[in-house]
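Below are some notes on packing and charge pairing in this model. Please read them alongside the coordinates.

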Amino acid sequence: MAVSQKFLLRVHLTTDVVVKVSLTKWPESVEELITILREKLNPRLDFEFTLQYEDPDFDGQLTCLLDIQELLEKGTLKVVRSESDVSSCASSDTDILPHVPLAQRLKCWPDTFPVPTFSYEVEHLLEEGNRAFEMSGKHLKLTRAQKHNILETMASAMHTFKAYPSDGDVGLAAEALVTTHPCLKEPGSRNGSYGWKTSLKFKMGNYRTMLARSGCVEVSVNAGRRSVNYLPNFPRGEDQVSLEDMRVQIKNEVEKTEPNKVMIEKLMQTTFALRRHEIVQDNPMVKNFLEKWPALRFDTQVSICAEFHRVTNINLRNQFYAELDRHTPRLMALYRQKAARTGKISEALRTILNHYDLQAPDINVKRTAVLRALPVYLREEDPEFFKTCNADTLDESTLIDTSVALLTVVTDGASQTSPVHFTSSSMAIVVEGDLVMRDIPRFADAFALLFGLIYALHLDYPRKLVHTFTFVQKIFMGLVDGKPLKPCLHALKNDLLLRE
């Protein structure tokens, strides 16, 4: 009796959930494999997704699976939720999705920190200590070496998520430690973890110092906004010379009549560390940098979303629109409350809201109103940032002195003096006098892409709109930098938490 052959795959569903999948026959296409996985792993895969595989041609780095022949038997796959899965994204600009090589962090800071396994001696000691604490409430006393092992192991685990965790991140890690091992709780501490939190802060500093001495460039420079992959090391086996050769290869491929998008994406992923080193350490002019890396202009909206994902491990569109839509009702209520008062700010808000009330109900109209009114509400206004021009008379030479701007392109008959345009022909982004992105369909898309571009190219926020962009960074995108919110932002954050 013949035994049917089985094919095994290892599938990463999330950063911490990995399953083994057994197939009775090898799929004939990637689409068939996705259908099989959806059936076998339902409801876990009840969303649109693509697959990445460990590419042996690039030392096991993750690459989009476009041809089933690339997948090896007993291969490893990673499920990547499509940016177009969230209805609020409403975009088809994500044919090639971002992926992260093994040299970069694959995880964001978790809501519940996963406490790592310590040395055999310490694990045995904690097991006995937890049992004694459960029976008699007795706390465990550690030797200096035992505590060192716990702190060192925790610091290493924390570094896999962030090199510079915030105060809140460290607090979550400390709370997870004493929750997992209650015998480590400190008598007299409000939550039993304050001392551990302090110790972990010092240990993370020492851990970064140790890494810097060993040549880890990520922690040997000031980390600015301290993104997940702020300044990664070069991929294993690569150096500046080999990565520069890849950059030239990318440039040559982009200039072809029919460029190979898959190859460009692979090489852009591999050369990510080279771009970050150049951006952070050399601070080049944006125009010169984009000429050197033309793939960032090639299918620009997809490229910027992918680069932002590499820097932060956050899906730009999904996160931006999900949080924008979640806070929209409360923000609109706050705007109307402010507009009902007297004063220059209230009058400016009334003008925007009066224009909004004349529009037909539409999610994109509402997003435009919320984002355009945000800087006004925060008492920021920069006429040089919100620019308007006619589609037939656009002259790029007039933008030379513009540092950064969102350019609304309107058709004949539209008023260029209106404070907000809900039915523009298109949007464009200007940085350092250069029209870096154009033909963006909606105002909210342009705002999100500009934020992504600022992070991807490590640019400063517009000088007169710092509060607005900091609000987007910390409240919408959840990108904390360890710095406290300014009073006006803290007040708005508290107002958003209140019920209407």
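**Notes on salt bridges and cores**

1. The model is predicted. Searching the whole structure gives 19 salt bridges.

2. Arg-275 and Glu-307 form one salt bridge, with 2.7 Å between the closest N and O atoms. Arg-275 belongs to helix α8 (residues 272–282) and Glu-307 to helix α10 (residues 300–312), so the pair ties together parts 32 residues apart in sequence. Both Arg-275 and Glu-307 are buried.

3. Asp-357 and Arg-336 meet through their side chains in a salt bridge of 2.8 Å, N to O. Since Asp-357 is in helix α12 (residues 344–357) and Arg-336 in helix α11 (residues 316–339), this pair ties together parts that are 21 residues apart in sequence. Asp-357 is partly exposed at 43% relative accessibility, and Arg-336 is partly exposed at 37%.

4. A salt bridge also links the side chains of Glu-381 and Arg-372 (2.9 Å, N to O). Here Glu-381 is partly exposed, at 38% relative accessible area, whereas Arg-372 is buried, at 7%. Elsewhere, Glu-265, Arg-275, Glu-307 and Arg-310 are joined into one network by salt bridges that share partners.

5. The largest nonpolar core has 81 residues; among those touching the most other members are Phe-320, Tyr-335 and Phe-451. Helix α14 (residues 443–456) contributes the most to this core, eleven residues. The core lies between domain 3 (240–312) and domain 4 (329–497), because both give residues to it.

6. Leaving aside residues up to four places away in sequence, Phe-451 has contacts that include Phe-308, Leu-316, Tyr-461 and Met-477. A second, separate core of 25 residues includes Ile-150, Val-170, Leu-177 and Leu-184.

How values were computed
Residues numbered from 1 in each chain as written. Predicted model: local features only at pLDDT ≥ 70, side-chain atom pairs only at ≥ 80, totals over all residues. Heavy atoms only, no water. Core = buried A, V, L, I, M, F, W, Y, C linked by side-chain atoms within 4.5 Å. Buried < 20%, exposed > 50% of the residue type's maximum accessible area, 1.4 Å probe, protein only. Helix = DSSP H or I, 4+ residues; strand = E, 2+ residues; numbered from the N terminus. Domains from an automatic or database assignment. Contact = heavy atoms within 4.5 Å. Salt bridge = Lys/Arg side-chain N within 4 Å of Asp/Glu carboxyl O.
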